[in-house]
Amino acid sequence: MRLRFRVLGSGSSGNATLVEAGETRILLDAGLGPRELAERLQSAGVDPASLSLVLLSHEHTDHSRGAASFSRKWGVRLCGTRGTYAAAALGAEEIAGYDVLEPGVARGVGSLMVLGEPIPHDAAAPVAFVIASGEARLGHATDLGHVSASLVQAFEGCQAVLIESNYDPGMLRDGPYPWSLKERIFSPLGHLGNGDVARYLAAGLPASCRDVVLAHLSEKNNHPEAARMAAERALEACGREVRLAITDRDGTGWIDVAVPRRPAPSASQLRLWGE
Ligand SMILES: [Zn+2]
Ligand SMILES: [Zn+2]
C-alpha cells in the first residue's frame, strides 16, 4: 500500500507531520493550535476527524501544543510514552483517549505499523518514529542531541528519513540566545546541528534511503542554505543519490515513500520456482 507523508508545520512555531497509507491517517506531533492544525489538514485534502491517532514524540509545546484540544474537538485518540503523558499533563484534559506507546514495541494502527525509538533529548521520555506500511518505511526524528547507534539501527530499511537540522554551530554560538540556552541546544540532550546531520548522512543513513527531509530548522540560528549545503556536501562525498528537501515552518507537499521495484524474475528463476 502506498505510504506517503506531508509536513504540516516544522520548527519552534509548531511541529506536525501527516502520514497516510490507504484510509489510515495519523499525525506525528500536534504542535500547532487546533484550528491551525485542522486548517492545514483540510488544505491537504484530509478531514481532521478521519485521523486514526495523534502520536506525540515528547511533551515540549512546539510538539504538543494543540494535542489535547484537537483530540477533544475531533475525537482523535492520542498516543505517546508514559513519560510524555505525565509531563504533558494530558490527564487533566478531557481527551478522546490516550494509548501508551511502549518504546521499542511495534504496534498496528490500521494499515500502518508504528514504532517509537528512544532518543536523547531533554524531555521525559522522547521518541523518534518508524512508520511502516508493507515494505515502505519512514524514519522521523526531531529534537535529539545526538544520533545514537540504536536510532541508526531503528532506521535501517527506511526509504525516507526526516531528521532535524536545527542549527548552524557558528550562527548559534554568535547568535542572540543566552549562553545557558546555547549550552542546552549544543548538549548531547539538545538538538542536532548541520554538522551532526552531515555526519549521520555520511555514516548512518540506511542504504535503502531515497528521500531525506531536513526539519526543525531554527529561524534564528540556521539558514536553509547552510543546512542544505552541509547535507549535500556529505551526500556527494559518499556518492549517495538522495532527494533532499528542507521544510520550513509551513511544511511540505506530499512525499511518497518510494519502495524500489524488484527486477522482474528471469526465465531461469521462474523455471526454478516452477519445480
Ligand atoms: Zn521541538
Ligand atoms: Zn523538544
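Two strands are taken to pair if DSSP finds at least two bridges between them, and the helices (H or I, at least four residues) and strands (E, at least two) named in these legends are DSSP runs, numbered from the N terminus. The structure is a predicted model, in which local features need pLDDT of at least 70 and side-chain atom pairs count only at pLDDT 80 or more, while totals for chains, interfaces and linings use all residues. Residues are numbered from 1 along each chain as its sequence is written, chains are lettered from A and ligands numbered from 1 in the order in which they are written, and side-chain values use heavy atoms, with hydrogens and water left out.

**View 1. The open sheet that runs from E7 to E13.** Seven strands form this sheet in the order E7-E8-E9-E10-E11-E12-E13, with mixed pairing. Strands E7 and E13 stand at its edges with a single partner strand each, so one side of each is left without a neighbour in the sheet. From one strand to the next the twist averages 20° (axes are lines fitted to C-alpha atoms, for helices over the stretch in contact, and angles run from 0 to 180 degrees between N-to-C directions). Within the sheet, E11 and E12 are joined in the parallel sense over 5 bridges, and Ile163 stands opposite Leu214 in E12. Two helices are seen against these strands: H8 lies across E11 and E12, at about 155° to E11, whereas H9 lies across E12 and E13, at about 160° to E13.

**View 2. Helix H9 and its buried face.** Helix H9 comprises 14 residues (224-237), which at 1.5 Å a residue should span 20 Å (the expected span being 1.5 Å times one less than the number of residues), and its end C-alpha atoms are indeed 20 Å apart. Its buried residues (under 20% relative accessible area; exposed means over 50% and partly exposed in between, with a 1.4 Å probe and protein chains only) are Ala227, Ala230, Ala231, Ala234 and Leu235. Viewed down the helix axis, the buried residues of H9 fall within an arc of 125° (taken from the directions from the axis to the C-beta atoms), so they line one face of the helix. Arg233, Glu236 and Ala237, on the other side of H9, are exposed. The buried residues pack against helix H8 (194-203), strand E12 (211-215) and strand E13 (243-246) (contact meaning heavy atoms within 4.5 Å). After H9 comes Gly239, with a positive phi near 65°.

**View 3. The largest nonpolar core.** This core (a set of buried Ala, Val, Leu, Ile, Met, Phe, Trp, Tyr and Cys residues joined through side-chain atoms within 4.5 Å) has 28 residues, and those with the most contacts inside it are Phe155, Val161, Leu201, Leu205, Val212 and Leu214. At least two residues of the core are supplied by each of strand E9 (127-133), helix H5 (149-154), strand E11 (160-164), H8, E12 and H9. Leu205, leaving aside its neighbours within four places in sequence, is in contact with Val161, Tyr200, Val212, Leu235, Arg240 and Val242. A second, separate core of 25 residues includes Cys79, Leu101, Ile131 and Leu162.

**View 4. The open sheet that runs from E6 to E14, with helix H1.** The 7 strands of this sheet follow the order E6-E5-E4-E3-E2-E1-E14, again with mixed pairing. Its edges are strand E6 (98-100) and strand E14 (255-256), each with a single partner strand, so one side of each is left without a neighbour in the sheet. Strand E3 (residues 24-28) runs parallel to strand E4 (residues 53-55), to which 3 bridges join it, and Leu28 stands opposite Leu55 in E4. Helix H1 (residues 34-43) lies across strand E1 (3-9), strand E2 (16-21) and E3, running at about 140° to E1.

**View 5. Two loop residues with positive phi.** Most residues other than glycine have a negative phi. Asp29, in the loop between E3 and H1, has a positive phi of about 75° and is buried, with a relative accessible area of 1%. Ala89, in the loop between H4 and E6, has a positive phi near 50°, but is partly exposed, with a relative accessible area of 44%.

**View 6. Loop residues Thr81 and Ser111.** Thr81, in the loop between strand E5 (78-80) and helix H4 (82-87), is buried, with a relative accessible area of 2%. Neighbours within four places in sequence aside, Thr81 is in contact with Tyr98, Leu101, Pro103, Ala125 and Val127. Ser111, in the loop between strand E7 (107-109) and strand E8 (112-118), is partly exposed, with a relative accessible area of 30%. Not counting residues up to four places away in sequence, Ser111 touches Met1, Ala21, Thr24, Ala132 and Ser133, and although Ser111 and Glu23 are 88 residues apart in sequence, they are 7.7 Å apart in space, C-alpha to C-alpha.
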